[in-house]
Amino acid sequence: WEEAAEMLISAGNVQDTLFATFAGLRWTILEGIISMKATRFSKKMSTSLKWRRRACKAVKRVRGWAKKKNPNIEHSLHLLEAELASLKGKKKKAISHYRHAIDTAEKNCFLQDQALSNELASLYFASIGDTTRMSIHRENAIRCYSEWGATAKVEQLRTRTALPTTVQPSTSAMTTCTKTIFT
């Protein structure tokens, strides 16, 4: 997350350039997620506050788009709300929004976002000591990333999390990453 935060800083303000484009939408969503993660690892209170303001600005922008009934961002808004609730220590709200992010990404066929939502849910459950749900979401993230074809991401997750040998990602192009288990 530190490297991603550095990339955000070096990119500067790209919102004006990307305004009203799909890239602008994705940028804002990822900016919000990265900014929330950066809030956690910042060593200085002033830096943490700066990241938090940037995250809240991104969330506010996405909420505005959601109010206009953009069906392509419902799952992303839930993911941002989950990360924000996690940052604020609101466990039930975070879990509910992770569930909705995963379910709506799956329902609307955003496989890469279903994978990301599962990955971030896994990290959240690890942070609160729930290793059972952490493992379930990590496995679901690996399966979705594998189906999406993100082999480097699959390897990154495997390396970072040392999966048990019994867990195998879906490798067949015929398998689908549906029916996400969320307990």
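Which element gives the largest share of the lining of the second largest cavity? The views below, drawn from a predicted model, lead from the whole chain to its helices and then to this cavity, where the answer is given.

**View 1. The protein chain is built from nine helices and zero strands.** Read from the N terminus on, the elements run α-α-α-α-α-α-α-α-α. The chain has 183 residues, of which 46% count as buried, and it exposes about 10300 Å², with carbon and sulfur atoms supplying 57% of that area. Among the contacts with a separation of 6 or more, 61% are between residues 24 or more positions apart.

**View 2. Helix 4 covers residues 45-67.** With 23 residues at 1.5 Å a residue, helix 4 should span 33 Å, and because its end C-alpha atoms are 33 Å apart, the expected and computed values agree. The residues of helix 4 that are buried are Ser48, Trp51, Ala55, Ala58, Val59 and Val62. Just after the helix comes Lys69, a residue that takes a positive phi of about 65°.

**View 3. Helix 5 covers residues 74-87 and is mostly covered itself.** From its first C-alpha to its last, this helix of 14 residues reaches 20 Å, which is close to the 20 Å expected at 1.5 Å a residue. Of the 14 residues in helix 5, 13 are buried. Just after helix 5, a positive phi of about 75° is found at Gly89.

**View 4. The second largest cavity holds about 30 Å³ of space.** The structure as a whole contains two cavities of 30 Å³ or more. Around the second largest cavity, the lining is made up of Arg26, Ile29, Leu30, Ile33, His75, Ser76, Leu79, Asp113, Leu116 and Ser117. The elements that each give two or more residues to this lining are helix 3 (22-41), helix 5 and helix 7 (111-127). The opening question can now be answered, since helix 3 supplies the largest share of the lining, with four residues.

**View 5. The lining of the second largest cavity combines nonpolar, polar and charged residues.** When its residues are sorted by kind, five are nonpolar, three are polar and two are charged. Leu30 and Ile33 are among the residues of this lining, as are His75 and Asp113, so that a reader following the chain can look for them in the sequence and in the structure above.

How values were computed: Residues numbered from 1 in each chain as written. Predicted model: local features only at pLDDT ≥ 70, side-chain atom pairs only at ≥ 80, totals over all residues. Heavy atoms only, no water. Expected span 1.5 Å × (residues − 1). Buried < 20%, exposed > 50% of the residue type's maximum accessible area, 1.4 Å probe, protein only. 1 Å grid on protein atoms, 1.4 Å probe; cavity = no way out; pocket = protein on both sides within 12 Å on 5 of 7 lines; lining within 4 Å. Points joined across faces, edges and corners; volume = space filled by probe spheres on them. Nonpolar A, V, L, I, M, F, W, Y, C, P; charged D, E, K, R; others polar. Contact = heavy atoms within 4.5 Å. Areas by Shrake-Rupley, 256 points an atom, 1.4 Å probe, with all protein chains shown as cover.
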